Amino acid sequence: MGKRILIVEDEVGISRVLKAYLVKAGYEVVQAFDGDEALRQFTACAPDLVLLDLMLPGKDGWSLLKEIRKQSSCPVMVLTALGQPKQKIAGLNQGADDYITKPFNGEEVVARVQAVLRRSPRILENPGTRQYGSLKIDFHAHTVSVKGVPLSFIPRDLSLFLFLARHPNQTFSREQLITEVWGLDYKGSERAVDLAVKRIRKALRHWPATEGEIKTFRGVGYQFCVYQE
Ligand code: CA
């Protein structure tokens, strides 16, 4: 499946041109035309990359970038008519991964999107074994240990933990986690996710918080945050 790109741009014509280039290059595209819609789409569709226009009605691009950075390390490419070097640097400092000045060349945008996605370590496609400080996860053997001591989980908690750990620094809503881990035919309450996370945290209690944690983003969801690799 192609990677998913969220285009946040209020000018319909520009958004349409960007979409055409990206779809042609094999990407799945979701569009948002204002800041509030962008945040909703960001949470709902978990994009692999965001193309973000700075001048937007309502919530502007800078505030959006801050909001996105609070919950995710998803690559963000800022798209704007402001071409001043000072502003470029400000954008990159606030967590943008690249910066494109309008008017742009569609093929160049595609090439830069590809480059940023290649650099992005966000999704571990075939992770094998990963070590985050003293936490070691073997994705093939389905084993987890802290400081060499194996941790035990009930099967569903283990599936949830491995799913979160495969997507470090990415936030998932309870609904997404239910779909991914419990399956679409699950009829119970989303509280099951909170309870599972509680048990997982307890199992991970000897993993130092300076190395990583399962973080709650209130009203958004959960994220496996790593601070040390
Ligand atoms: Ca605009």
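**Exercise 1. Is the crossing of helix 6 past helix 7 left-handed or right-handed? Describe how the two helices pack.**

Start with the ground rules. This is a predicted model, where local features need pLDDT of at least 70, side-chain atom pairs count only at pLDDT 80 or more, and totals for chains, interfaces and linings use all residues. Residues are numbered from 1 along each chain as its sequence is written, and side-chain values use heavy atoms, with hydrogens and water left out.

Step 1: find the elements. Helices (H or I, at least four residues) and strands (E, at least two) are DSSP runs, numbered from the N terminus. The chain holds eight helices and 12 strands. Helix 6 spans residues 155-166, and helix 7 spans residues 174-182.

Step 2: take the geometry. Two packed helices are described by the angle between their axes and the distance between the axes. Here the angle is about 115° and the axes are 10 Å apart. Axes are lines fitted to C-alpha atoms, for helices over the stretch in contact, and angles run from 0 to 180 degrees between N-to-C directions.

Step 3: read the hand. The crossing is right-handed. A crossing is left-handed if the near helix is turned anticlockwise from the far one by less than a right angle, and right-handed if clockwise.

Step 4: list the contacts (heavy atoms within 4.5 Å). From helix 6 come Arg-156, Ser-159, Leu-160, Phe-163 and Leu-164; they meet Leu-177, Glu-180, Val-181 and Trp-182 of helix 7. These residues divide into six nonpolar, one polar and two charged. Ala, Val, Leu, Ile, Met, Phe, Trp, Tyr, Cys and Pro count as nonpolar, Asp, Glu, Lys and Arg as charged, and the others, Gly among them, as polar.

**Exercise 2. Which element gives the largest share of the largest nonpolar core?**

Step 1: define the core. It is a set of buried Ala, Val, Leu, Ile, Met, Phe, Trp, Tyr and Cys residues joined through side-chain atoms within 4.5 Å. Buried means under 20% relative accessible area, exposed over 50%, partly exposed in between (1.4 Å probe, protein chains only).

Step 2: look inside. The largest core has 31 residues, and Leu-160, Phe-161 and Phe-224 are among those with the most contacts inside it. Elements giving two or more residues include strand 7 (135-138), helix 6 and helix 7.

Step 3: conclude. Helix 6 gives the largest share, seven residues. Another core, of 20 residues, lies apart; Phe-42 and Cys-74 are among its members.

**Exercise 3. How many aromatic pairs are there? Classify two of them.**

Step 1: apply the rule. Rings of Phe, Tyr and Trp (its six-membered ring) pair if their centres lie within 6.5 Å; planes under 30 degrees apart count as stacked, over 60 as edge-to-face and the rest as tilted. The count is six.

Step 2: take Phe-153 and Phe-161. Their centres are 5.7 Å apart and their planes lie at 15°, so the pair is stacked. Phe-153 is buried at 17%, and Phe-161 is buried at 0%.

Step 3: take Trp-182 and Tyr-186. With 6.0 Å between centres and 55° between planes, this pair is tilted. Trp-182 is buried at 12%, while Tyr-186 is partly exposed at 25%.

Step 4: join the rings. Tyr-132, Phe-153, Phe-161, Trp-207 and Phe-224 are linked by ring pairs into a cluster.

**Exercise 4. Is Lys-24 buried or exposed?**

Step 1: place Lys-24. It lies in helix 1 (residues 12-24).

Step 2: check the area. Lys-24 is exposed, because its relative accessible area is 75%.
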